[in-house]
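Q: Got a minute to go through this one with me? I'd like to start with how the helices pack.

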Amino acid sequence: MEIPYTVTARPDTGLYSAKIGIWLFLASEVMLFGGLFSSYVFLRMGATPGLWPHGLLNVPVGTMNTAILILSSVTVVMAWASLKMRKFNMYRLYMAITILCGIIFLAVKLGYEYPDKFHHFGAYIKPEAVEKYERYLGNEHMAKKGLAPRYEITGHLEGETEDHFLVLLDPINANPTDPANDRPHFIPRGRPGEAQWQTFEAAEKAGKKEEAEKLEHELIEKNLLAEVKKEDVRWASAFEPKHSSFFAVYFTITGLHGLHVLGGILIFLYFLFPGAALYKKNPEHLANRIEVAGLFWHFVDLVWIFAFPIFYLL
Amino acid sequence: MSELTTHTAEVAEHAHDDAAHVAAHIKTYLAVGGILLVGTVITVLLSYVDFGSQGRNIIIAMIVATIKVGFVAAIFMHLNSEKSTIYRVIVMTIFFCIVLFALTGLAIFDPIHLK
Amino acid sequence: MNNPANEASLAGGPAKTHHHDVPHHESHDAHDEHDHYNPGFWSKYVFSTDHKMIGMQYLVTGLIFLFLGFVMVILMRYQLAYPGKQIPFVGLWLQDIVGKAFMPGGVMAPDFYNSLGAMHGTVMIFLGVVPVAFAAFGNYVVPLQIGAPDMSFPKLNMASYWSFFLGGVLMMASFFMPGGTAKGGWTSYAPLSVIGDMPGTLGIPMTWPIALTGQSIWLISMVFLITSSLLGSVNFITTIIQLRAPGMTWMRMPFFCWAMLVTAYILLLAFPPLEAAAVMQLMDRVFHTSFFSPDGLVVNGLPLAKSGGGSVLLWQHLFWFLGHPEVYVLILPGIGIVAEIISNNTRKPLWSYKSLVYSAVSVGILSFVVWAHHMYLTGMGQKVAAFFQTTTVLISVPSVIIVTALLISYWGGSIRFNTPMCFATAWLPMFGIGGLTGIPLAFNSIVLQLHDTYYVIGHFHYVVAPGTLFAIFAGIYYWFPKATGRKMSEFWGKIHFFGSLICMNGIFMPMFLQGMAGMHRRWYDGGASYELAKPVLHLNVAITMAAFGLMIFQLPFIWNFFSSIFIGKKCGDNPWNATTLEWNTPTPPPHGNFTKPVAAYRGPNEYSVPGAPRDFSPQWEPNI
């Protein structure tokens, strides 16, 4: 006896079984991401004022990725519509675009965004030592504006000795009183001291000790390079999950989301190549399958629509 | 068997309707795609506007995100015309999701006051 | 109404879809197909997609895990009764298996006690009772009771079992890892679970990957188990919604199916937050994040080298968001089984079937809003505590309605006390004691005294040990004839029943006394080194004796179970004169279940209908 309602709808519910199945699955996914997002909310609300990082992610790249995911959502719905209208070639085209979008999304995430973070460094200053680093933190300015104090010095870790970190500063710490940095959004990839640092390195390489020392001194004078004493540091790490609650949640949610994207890509690859053979046998069944897979894909898109602003923008 | 033939005719008509129905929606799908892209740009732009406090910015960004999600759910996921079984599942899920957020929040932010 | 078979053929596919609404056209075809179904050994017994075989796989695996969990607690009970003594017979043997650090000279070390405690809880709940009560009975019985040929997604069903199997094997494998299993209890409270079990402690080599330490394996295998129950519950709900036979309206569905539907919903929605939490704890352990590590955590006098900023209470909330509904996952299938058996053996309809259904549904919904009563002593404010006290008291209302309705079902019945009925009858007071002793625990002022004492242990074991297990035994005795064509022995069944009943109470009743005297649940020496436990210390020996007794009284069951497959009394398709659809199939049911079209013509428990020719009117018989 075959199992009924795999292709056609049961009259009283009006649904084929897989559609109920996928919605139930999505319900549990909502709870899964609900658990993660609620953790985000509570960790953020519970964080000491000033300790929740802002603007550490690349907004233009994130926006581009959002657009790519939205585009893929459109194409997957078009793929389904093409099947419904029995236009098989259009289906293949749209499906291929969807898969391509998914791959670009993952490639940007894994190939650019994640590694870019791993090269970035941040050091949290102990509350009692904060005053020593006023020229990088600008807390007087922050207090005047009624904003939460800063505790972290970020930038590129250029050197580490037994008792201090040498950090080529991000604009926010190089220019802490600049109002543009009050609520930072997006730290440009280049640091303000980048060029001078390279001259310094070249000088050091060439053995021009005096010139190098002068350049380094100049960098420090100009607030582009900072020596952060380890005894003043509460916690320092590259921008990895262990850096802070923010990056912990960011990597967990986007990582899990990335796994979902990967899963979607694999499913779509199946339906583009071996799974498409079903079209000859029963195109309606294939359309149903694409609808179900598409529902999953839209959900992945939907999670991203929430994840993008809370991590990149706010 | 005559009964079966009428069924076939009915079903054929139904399938034809279905295809026409879908074709009529294609413009909607593209339009929604456009709205979502515009929405994304709006989200980014709004985050550069200072609405007075971080909290207000978050609320406004979440409203925009919810509207976008609403479009995806209603049009792409066909929730604007779905069957009641699905609605029931979704309502229940949303309810329990709210429970998860609200009660955990309540419990974490109403600690005993040690005085 | 559209005929789906035609729609399929129109779309280019073969018109093979069989459909319940057109039984007259399709019945011969369906029959033929069933005759042709002849899979090989592997796809019939191992990688089977047939819901009955999967149900049996779940049953056997689950019973094995129940046994393992029981053995673990027997070892713990020996340590509690005779602290610091060598465990007789198996002590030295265990030393060889788990190592000198855990069983020095055959004596249980504290770390191993913790390991066994954590594993006893985990195995019993996630690997024993849920697979047997929910997955095994659900898989075997639900499609039969609603008149479906199989589950909606047979392949998912198989994936669900194998995901469970993998999770279970992984969990057990952690016994043989350096450092042993998880030691954080079944609740795995942070931050101890995050900082414990690390390389460099407990004899774990420094180079050992953190992902392969006991607690990490616990988390990974939980992810497998959650995946399994997710696939299972999606399948159950879809099956019950989509594959009900014609005429099987919602209010004609056997109460057991309702219980399974509610259980599946709870599993579907309550488990994912724990999965999220497990992922986060795994991140905490493997990638040193600080989800559950607060600021300023000091370990062994040294500040923990972590960013901090996490919240330990977050873990507890996400855990108990599953943890409390999980209790109802354990008990609802039991209630369903017991209800079927009581109705069948009192030869009466269930008293107020509808109120049972509504109660089960409201228990399911309310179970999501009571979880923080496990956390009264975590510094929770009064407003929140008042909310959770109210909801906790509220949830006892539908539970009491269920027990009362089942009890009233006995009124005026002509009761047959066969073995399943004995277990079902004993289930009522056992679950009653478990439930009623829980009401004091709903109030946070009383919890100040009783929190984490043996009173709590006694309370929830009455619910899940005699409560769930008696229902499981009742179910096994009741549906065994359907699965094998033979009845289990009544003689051995009665011995099993009375022995178990006495021993169960012998184990758990004294725990209330110990708990009220203030005995803490996690004392490794059973309280021997605590002055306050002196007056109730002797009870430890009594409890341990009863536990041994319980083990001995399971031997008749094991014998009965296996021998009856071969020498049990042969019986027909409907040995209990029952009314629900599963008794309308051949015995044992073939692949595809029903050989003829099936439909439901009346409610599920129509026994002793006035004017009917017999004292039972099966659902499948049309009105004459």
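**Helix packing, an interface and confidence**

A: Sure. It's a predicted model, and in it α6(C) and α10(C) cross in a left-handed way.

Q: Which residues make the contact there?
A: From α6(C) you have F134(C), G138(C), V141(C), V142(C), Q145(C) and I146(C), and α10(C) brings in F256(C), C257(C), M260(C) and T263(C). By class, that contact has seven nonpolar and three polar residues, with no charged ones.

Q: And at what angle do the axes cross?
A: Roughly 130 degrees, with the axes of α6 (residues 110-146) and α10 (residues 255-286) of chain C coming within 10 Å. That makes α6(C) oblique to α10(C), because the angle falls outside the parallel, antiparallel and perpendicular ranges.

Q: OK, switching to the contact of chain A with chain C. How many residues does it take from each?
A: 43 residues from chain A and 48 from chain C.

Q: Which element gives the largest share of chain A's side?
A: α1(A), with 16 residues. On that side of chain A, 22 residues are nonpolar, 16 are polar and five are charged.

Q: What about chain B, where is confidence lowest and where is it highest?
A: Among the helices of chain B, α1 (residues 2-48) is lowest, at a mean pLDDT of 76, and α2 (residues 54-76) is highest, at 93. The chain B average is 83, and 83% of its residues score at least 70.

Q: Which stretch of chain B stays under 50?
A: Residues 1-10 of chain B, and the model has eight contacts for them beyond four places in sequence. Where pLDDT is low, the predicted coordinates shouldn't be read in detail.

Conventions. Residues numbered from 1 in each chain as written. Chains lettered and ligands numbered in written order. Predicted model: local features only at pLDDT ≥ 70, side-chain atom pairs only at ≥ 80, totals over all residues. Contact = placed C-beta atoms within 7 Å. Helix = DSSP H or I, 4+ residues; strand = E, 2+ residues; numbered from the N terminus. Nonpolar A, V, L, I, M, F, W, Y, C, P; charged D, E, K, R; others polar. pLDDT = per-residue confidence, 0-100. Axes fitted to C-alpha atoms, helices over the stretch in contact; angles between N-to-C directions. Parallel < 35°, antiparallel > 145°, perpendicular 65-115°, else oblique. Left-handed = near helix turned anticlockwise from the far one by under 90°.
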